[in-house]
Amino acid sequence: MSKFKKKSESSQDIPTAALPDIIFMLLFFFMVTTVLRETEIKVEQRIPRAEQLVKLEKKKLVTYLYVGKPKDQSMGTEPLIQANDAFIDIGGIVQWINQEKSKLSEAERDQITVSMKVDNETKMGIIVDIQTELRDANARKIMYATPQKTENN
């Protein structure tokens, strides 16, 4: 007598045929987008502690210079400058900065920050030479990296 009939219950299964494809696509996406260590540090790094630390806001504008004695004893014991994965001399800093600036957009080129990770035992003479070359390359923002402050410090 009623106008509406009750439908009989039927069990409908959720199709799972595409599920492995979706899982593998997600796995592939995360494998491709994950960035591991970009450079292999080839110089010794015993970085001095600092009293005040400032965290960087835009890390894509930061480029790194590592200064210290080479880990490979065949390269000598004098401090070397490592930019990315290669050693450069003092005269190559301007060219290296220009290459790093060319990777950035036009508006961001003047905002590049050079982060120097300098070994504790490195003499100040090489640091002054690097600063002079950075000034010539118009890279005026220089930051000296230090380990993060822990609760015990």
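The centre of this predicted model is an open sheet of five strands, ordered β3-β2-β1-β4-β5, with mixed pairing. Strands β3 and β5 stand at the edges with a single partner strand each, so one side of each has no neighbour in the sheet. From one strand to the next, the twist averages 30°.

Let me take one pair of strands in more detail. β4 and β5 pair in the parallel sense, and four bridges join them. Within this region, threonine 113 stands opposite lysine 141, a residue of β5.

I turn now to the chain as a whole. The protein chain contains three helices as well as the five strands. Read from the N terminus, the order of elements is α-β-β-β-α-β-α-β. The chain has 153 residues, of which 25% count as buried. Its accessible surface comes to about 12,200 Å², and carbon and sulfur atoms account for 54% of that area. As for contacts with a separation of 6 or more, 70% of them are between residues 24 or more positions apart.

Next, the helices that lie on the sheet. Helix α2 lies across β1, β2, β3 and β4, and runs at about 155° to β1. Which residues of α2 are buried? They are Ile93, Trp96, Ile97, Glu100 and Lys101. These residues cover an arc of only 135° around the axis, which puts them on the same side of α2. I would draw your attention to the fact that Glu100 and Lys101 are in this buried set together with Ile93, Trp96 and Ile97. The partners against which the buried residues of α2 pack are β1, β2, β3, β4 and helix α3.

Helix α3 lies across β1, β2, β4 and β5, and its direction is at about 170° to that of β4. What span should we expect for this helix, and does the model agree or disagree? At 1.5 Å a residue, the 13 residues from 124 to 136 should span 18 Å; the end C-alpha atoms are 19 Å apart, which agrees.

The buried residues of α3 are Ile126, Ile127, Ile130, Glu133 and Leu134. They cover an arc of only 125° around the axis, and therefore sit on the same side of α3. On the other side of the helix, Met124 and Asp136 are exposed. What do the buried residues of α3 pack against? Their partners are the strands β1, β2, β4 and β5, together with helix α2. Following α3 in the chain is asparagine 138, with a positive phi near 60°.

Finally, a residue outside the helices and strands. Glutamate 108 is located in the loop that connects α2 to β4. Is this loop residue buried or exposed? Its relative accessibility is 15%, and the cut-off for buried is under 20%, so glutamate 108 counts as buried. With neighbours within four places in sequence left aside, the contacts of glutamate 108 are with Lys60 and Leu61.

To draw these points together: the strands form an open, mixed sheet; α2 lies across β1, β2, β3 and β4, while α3 lies across β1, β2, β4 and β5. The buried residues of α2 also pack against α3. Thank you for your attention.

Conventions: Residues are numbered from 1 along each chain as its sequence is written. This is a predicted model: local features need pLDDT of at least 70, side-chain atom pairs count only at pLDDT 80 or more; totals for chains, interfaces and linings use all residues. Side-chain values use heavy atoms; hydrogens and water are left out. Helices (H or I, at least four residues) and strands (E, at least two) are DSSP runs, numbered from the N terminus. The expected span of a helix is 1.5 Å times one less than its number of residues. Buried means under 20% relative accessible area, exposed over 50%, partly exposed in between (1.4 Å probe, protein chains only). The arc is that of the directions from the helix axis to the C-beta atoms. Contact means heavy atoms within 4.5 Å. Accessible areas come from the Shrake-Rupley method with a 1.4 Å probe; for residues, only the protein chains shown count as cover. Two strands pair if DSSP finds at least two bridges between them. Axes are lines fitted to C-alpha atoms, for helices over the stretch in contact, and angles run from 0 to 180 degrees between N-to-C directions.
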